[in-house]
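Q: Please take a close look at one helix of this model and the packing around it. Which residues are buried, and what do they pack against?

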Amino acid sequence: DEQLDLDDGRWEDIHVVTGALKLFLRELPEPLIPFSHFDKFIAAIKIQDLSLRGHCIRELVLSLPPAHHDTMKVLFRHLCRVVEHKEENRMSVQSVAIVFGPTLLRPASEEGNVAMHMVFQNQVVEHILNHYGYIF
């Protein structure tokens, strides 16, 4: 309910805006990629056949609830634009995936190998960024 003035000077620092976006996404009751899809996305990113992997991830994205799918489409379109300017902002596909992977895709409980999950979380985000046109 808070009214924000985006013309206020404190919003000029891109790190503040990015931090606010990440915080918003992290504090959602359920991540943008729902808990029910976590294991499916992790299994899909592990598929060795690149064509089959791509198809599976596309089908998983299409199977998301409409609000999740539509929000992902807008967010990833924006993140693709960020990557297009990697020479100026130093945010490559890998960098964006590292920053947003654990925020957008996380297990319901932190059991198992957290470090290994993080690798796969980042790979899923990287894949979606690299194949945005095909997936959406």
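A: In this predicted model, helix H2 spans residues 35-45. Its buried residues are His 37, Phe 38, Phe 41, Ile 42, Ala 44 and Ile 45. They sit on the same side of H2, because they cover an arc of only 160° around the axis. The general rule helps here. An α-helix has 3.6 residues a turn, so residues three or four places apart point the same way.

What does this side meet? The buried residues of H2 pack against two helices: H3 (50-62) and H7 (114-130).

H7 also has a contact with helix H6, residues 93-104. The axes of H6 and H7 come within 7 Å. They cross at roughly 120°. That angle makes H6 oblique to H7. The crossing is right-handed. From H6, the contact uses Val 93, Gln 94, Val 96, Ala 97, Ile 98, Phe 100, Gly 101, Pro 102 and Leu 104. H7 contributes Met 118, Gln 121, Asn 122, Val 125, Glu 126, Leu 129 and Asn 130. By class, the H6 contact with H7 has 10 nonpolar, 5 polar and 1 charged residues.

Now the loop before H6. Arg 90 lies between helix H5 (86-89) and H6. Its phi is near 60°, a positive value in a residue other than glycine. Arg 90 is exposed, because its relative accessible area of 71% is over the 50% cut-off.

Notes. Residues are numbered from 1 along each chain as its sequence is written. This is a predicted model: local features need pLDDT of at least 70, side-chain atom pairs count only at pLDDT 80 or more; totals for chains, interfaces and linings use all residues. Side-chain values use heavy atoms; hydrogens and water are left out. Buried means under 20% relative accessible area, exposed over 50%, partly exposed in between (1.4 Å probe, protein chains only). Helices (H or I, at least four residues) and strands (E, at least two) are DSSP runs, numbered from the N terminus. The arc is that of the directions from the helix axis to the C-beta atoms. Contact means heavy atoms within 4.5 Å. Axes are lines fitted to C-alpha atoms, for helices over the stretch in contact, and angles run from 0 to 180 degrees between N-to-C directions. Angles under 35 degrees count as roughly parallel, over 145 as roughly antiparallel, 65 to 115 as roughly perpendicular and the rest as oblique. A crossing is left-handed if the near helix is turned anticlockwise from the far one by less than a right angle, and right-handed if clockwise. Ala, Val, Leu, Ile, Met, Phe, Trp, Tyr, Cys and Pro count as nonpolar, Asp, Glu, Lys and Arg as charged, and the others, Gly among them, as polar.
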